[in-house]
Amino acid sequence: MRLALFASGGGSNAQAILDAIRRGELRAEPVLLVSNKPGARALARARDAGIATATLRDADDAREILAALREADADFVALAGYLKRIPREVVVAFSGRIVNIHPSLLPAFGGAGMYGRRVHEAVLASGAKESGATVHLVDDDYDTGPIVMQRAVPVELADTPETLAARVLKAEHALYPEALRLFME
Ligand code: GRF
């Protein structure tokens with residue numbers, strides 16, 4: 001598995017994947033980290049790990065993304081906190097080989113505009129007693145592709161969006177490398 005990671009922000013999920021590879025828990029070769037945000041901390045994490053990086057000029061330009069993936073000879077893509085929609089041509093070219101992680105138990109609390117703090121606010125407002133993380137295949141809409149793996153976490157009475165987000169993020173860091181291992185096997 002020649003793995004390309006896409007991240008727009010902090011990149012803690014990308015880091016968890018890189019750490020799992022380094023520990024020998026996931027036999028994949030990280031070949032590229034792609035970001036749409038020049039200042040993303042995820043890019044610095046990749047550079048620290050000695051991995052090639054690409055900052056997209058236009059995240060809606062399928063040709064630019066495909067050129068970066070081809071140059072790195074990537075054969076699998078993991079979106080890790082990547083906030084742009086993947087253009088249709090890229091989804092088609094990498095059909096069944098792009099996954100994403102979302103911080104809720106999809107199909108609940110997903111869709112356009114449901115990211116970051118908003119997801120956890122909506123979970124708390126709903127009164128749900130459980131939330132969690134979902135790894136799913138990517139199609140050309142937001143959060144609608146088939147589910148690969150999920151991990152539930154409890155919602156506590158005293159939770160704020162921040163405490164819930166932290167609990168879910170911890171689950172994400174374990175879930176994502178596990179889900180990728182399934183694909184690899
Ligand atoms: C995670 O909660 C992920 O599920 C969501 O965005 C967040 C990214 O966190 N898509 P990080 O950049 O991996 O730290």
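Reader: Which elements each supply at least two residues of the shell around the ligand?
Author: Keep in mind that this is a predicted model. Three elements fit your description, and one of them is the strand β5, covering 98–102. The other two are helices: α1 (12–22) and α6 (161–184). So that's α1, β5 and α6, going by how helices and strands are numbered from the N terminus.

Reader: Which residues surround the ligand?
Author: Start with the run Gly10, Gly11, Ser12 and Asn13, then add Gly81. Ile101, His102 and Pro103 are part of the shell too. The list closes with Leu169 and Glu172.

Reader: How many of the shell residues are nonpolar, polar and charged?
Author: Glycine goes with the polar group in this count, and Gly10, Gly11 and Gly81 are among the shell residues. Glu counts as charged, and Glu172 is in the shell as well. The split comes out as three nonpolar, six polar and one charged.

Reader: What distance separates a polar side-chain atom of Ser12 from an oxygen atom of the ligand?
Author: A polar contact here needs a pair of N or O atoms within 3.5 Å. Gly11 makes one through its backbone, with a polar atom 2.7 Å from a ligand oxygen. Ile101 also uses its backbone, placing an N or O atom 3.3 Å from a ligand nitrogen. For the side chain of Ser12, the distance to a ligand oxygen is 2.5 Å.

Reader: How much of the area that the ligand exposes when taken alone does the protein bury?
Author: The ligand sits in the largest pocket. Taken alone, the ligand exposes 360 Å². Of that area, the protein buries 81%.

Reader: In what order do the elements of the protein chain run from the N terminus?
Author: You'll find six helices and seven strands in the chain. Reading from the N terminus, the order is β-α-β-α-β-α-β-α-β-α-β-β-α.

Reader: What is the radius of gyration of the protein chain?
Author: The globule rule gives 16 Å for 185 residues, and the chain's own value is close to that, so the chain is as compact as a globular protein of that length. Along its principal axes, the C-alpha trace spans about 50 × 35 × 30 Å. The radius of gyration itself is 16 Å.

Reader: Which peptide bond is cis, with omega near 10°?
Author: Look in the loop between β5 and α5 (117–126), where Pro107 is found. The cis bond leads into that proline, from Leu106 to Pro107.

Reader: Which residue has a positive phi of about 55° although it is not a glycine?
Author: Head for the loop between α3 (62–71) and β4 (76–79). The residue there with that phi is Asp73.

Note on methods:
Residues are numbered from 1 along each chain as its sequence is written. This is a predicted model: local features need pLDDT of at least 70, side-chain atom pairs count only at pLDDT 80 or more; totals for chains, interfaces and linings use all residues. Side-chain values use heavy atoms; hydrogens and water are left out. A residue is near a molecule or strand if one of its heavy atoms lies within 4 Å of it. A polar contact is a pair of N or O atoms within 3.5 Å; within protein, one must be able to donate a hydrogen and the other to accept it, and residues adjacent in sequence count only if both atoms are side-chain atoms. Accessible areas come from the Shrake-Rupley method with a 1.4 Å probe; for residues, only the protein chains shown count as cover. On a 1 Å grid over the protein atoms alone, a cavity is a set of points where a 1.4 Å probe fits but cannot get out, and a pocket is an open set with protein on both sides within 12 Å along at least five of seven lines; lining residues have an atom within 4 Å of a point. A molecule sits in a cavity or pocket if more than half of its atoms lie within 2 Å of its grid points. Helices (H or I, at least four residues) and strands (E, at least two) are DSSP runs, numbered from the N terminus. The radius of gyration is taken over C-alpha atoms; the globule rule is 2.2 Å times the number of residues to the power 0.38.
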